[in-house]
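Colleague: I would like a close look at a single part of this model, the open sheet and what packs and pairs around it. Please take it step by step.

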Amino acid sequence: MKETPLSNCERRFLLRAIEEKKRLDGRQTYDYRNIRISFGTDYGCCIVELGKTRVLGQVSCELVSPKLNRATEGILFFNLELSQMAAPAFEPGRQSDLLVKLNRLLERCLRNSKCIDTESLCVVAGEKVWQIRVDLHLLNHDGNIIDAASIAAIVALCHFRRPDVSVQGEEVTLYTPEERDPVPLSIHHMPICVSFAFFQQGTYLLVDPNEREERVMDGLLVIAMNKHREICTIQSSGGIMLLKDQVLRCSKIAGVKVAEITELIQKALENDQKVRKEGGKFGFAESIANQRITAFKMEKASVDTSNIEEKAEEIIAEAEPPPEVVSEPVLWTPGTAQIGDGIGNSWGDLEDSEKEEEEEGGIDESVILDTKMDTGGVPDTGCQGAPIVLLSDSEEEEMIILEPDKNPKKIRAQTTSAREKAPSKSQGKRRRKKRTAN
């Protein structure tokens, strides 16, 4: 478990508040946070809220073979899980030291205290016994996990009902809840843990510490006790030395708190049993408070449906009659008819985008023609050797480069040189006259 350490300023502030007997949530030194218990639709499922700390408890059972050294006793198994949903500091898939300590403390509190009659879980001695499994899931962590987990475990066990069985010879018959009513577990007493936090080497004492108070405490004392003031287990951690008077004082406070919590548990179980017998609504959904932003249900509004027909007739009589509109058919040609004005034929009409393209195209052509007329068809002598580039209006923007043919230049050069070499006719006539004169 990797927690972000508190700063020195926060630590000094918390210790100063504890010295002045003040707590962050407004409680007194020996006050417990509010406890709220809600049950699910199935037996053995409950959620316990200790302030903002939430624990979900679920009990299940199955028929298994007993242990060799205890052939006539059932098996109790407790499992507490700390997930990252409760606090980011919890590492998933890893048994931390805190988790091991909490599981051992729960087993000592509930199993070693013999709060459940394990011999009543035996079906056939040495062959079949009931294995009761209690799974506890921490939903939100705000301090004092062990107290909330112990309350959730004992509440789930008291609320659980196992299937009824019958044994005839060597045959074991398991009955469904529809065939026979499920059987509750035999519970002798309710052990509940109460935690005490010590500060400054035992000088100051707080009951039910929250998460921030646990970070600055020097030691922790956990006392598991039932309403008969019988101590089931006691554990001290943190390495502080406690006096005998301090332990006795804590045990007296624990006896008062356990009696109050036990009475609260019994009332919650009685109310749930009463609702189930009367056929009312029960479960986690019914425990959500109404008239809140985070609630997804609200009270149903009553609707008077006694005089629906009379009210409907009055509404129809007061309403204005609809206008009478009769459409006249339009005859265009013999054998055809049209009802209503209709819409004019738009076949062949150009859309706005097409009209804009055509207008732009017409402007470009007119500009090209004007430039041709201005030049008058006279070639530019300075650009005879330059390539001609033609751009198309297509989407791909093809570019065509036309280069002038070089062969005509060579032919012209050859013809001019031939003319220079060939003598003219006048020169030939003059030469002939000179010869005849000679």
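**The open sheet and its surroundings**

Modeller: Start with the helix. In this predicted model, helix H5, residues 244-278, lies across S11, S12, S13 and S14 and runs at about 140 degrees to S11.

Those four strands form an open sheet, in the order S12-S11-S13-S14, with antiparallel pairing. Strand S12 (204-207) and strand S14 (231-237) are at the edges with a single partner strand each, so one side of each has no neighbour in the sheet. From one strand to the next, the twist averages 20 degrees. In general, strands of a sheet pair through backbone hydrogen bonds. Here, S11 (residues 192-199) and S13 (residues 219-225) run antiparallel and are joined by seven bridges. Within S13, Ile223 is the residue that stands opposite Val194.

Next, the packing. The largest nonpolar core has 70 residues, of which Ile132, Leu136, Phe196 and Ile265 touch the most other members. Helix H3 (residues 145-159) gives the largest share of this core, twelve residues. Ile265 can be followed contact by contact: leaving aside neighbours within four places in sequence, Ile265 is in contact with Ile37, Ile151, Ile154, Val155, Met190 and Ile192. Another core lies apart from the largest one; it has seven residues, among them Leu6, Leu14, Phe199 and Val216.

Now the charged pairs. Side chains of opposite charge can pair when their charged atoms come close. The whole structure contains 17 salt bridges. In one of them, the side chains of Glu213 and Arg23 meet at 2.9 Å, N to O. Glu213 lies in helix H4 (residues 211-216), while Arg23 lies in the loop between helix H1 (8-19) and strand S1 (35-39), so this pair ties together parts that are 190 residues apart in sequence. Glu213 and Arg23 are both buried.

Another salt bridge joins Asp208 to Arg27, with 3.2 Å between the closest N and O atoms. Asp208 is in the loop between S12 and H4 and Arg27 is in the loop between H1 and S1, so the parts tied together here are 181 residues apart in sequence. Asp208 and Arg27 are both buried. The pair also belongs to a network of salt bridges that links Asp25, Arg27, Arg33, Asp142 and Asp208.

A further part of the chain has a hairpin and a salt bridge of its own to describe. Strand S8 (residues 165-168) and strand S9 (residues 171-174) run antiparallel, joined by four bridges. Val167 stands opposite Val172 in S9. The hairpin of S8 and S9 has two residues between the strands, and Gly169 takes a positive phi near 70 degrees.

The salt bridge in question is formed by Arg180 and Asp164, whose closest N and O atoms are 3.3 Å apart. Arg180 lies in the loop between S9 and strand S10 (183-184) and Asp164 in the loop between strand S7 (161-162) and S8, so the pair ties together parts that are 16 residues apart in sequence. Asp164 has a relative accessible area of 18% and is therefore buried. Arg180, at 36% relative accessibility, counts as partly exposed.

Notes
Residues are numbered from 1 along each chain as its sequence is written. This is a predicted model: local features need pLDDT of at least 70, side-chain atom pairs count only at pLDDT 80 or more; totals for chains, interfaces and linings use all residues. Side-chain values use heavy atoms; hydrogens and water are left out. Two strands pair if DSSP finds at least two bridges between them. Axes are lines fitted to C-alpha atoms, for helices over the stretch in contact, and angles run from 0 to 180 degrees between N-to-C directions. Contact means heavy atoms within 4.5 Å. A nonpolar core is a set of buried Ala, Val, Leu, Ile, Met, Phe, Trp, Tyr and Cys residues joined through side-chain atoms within 4.5 Å. Buried means under 20% relative accessible area, exposed over 50%, partly exposed in between (1.4 Å probe, protein chains only). A salt bridge is a side-chain nitrogen of Lys or Arg within 4 Å of a carboxyl oxygen of Asp or Glu.
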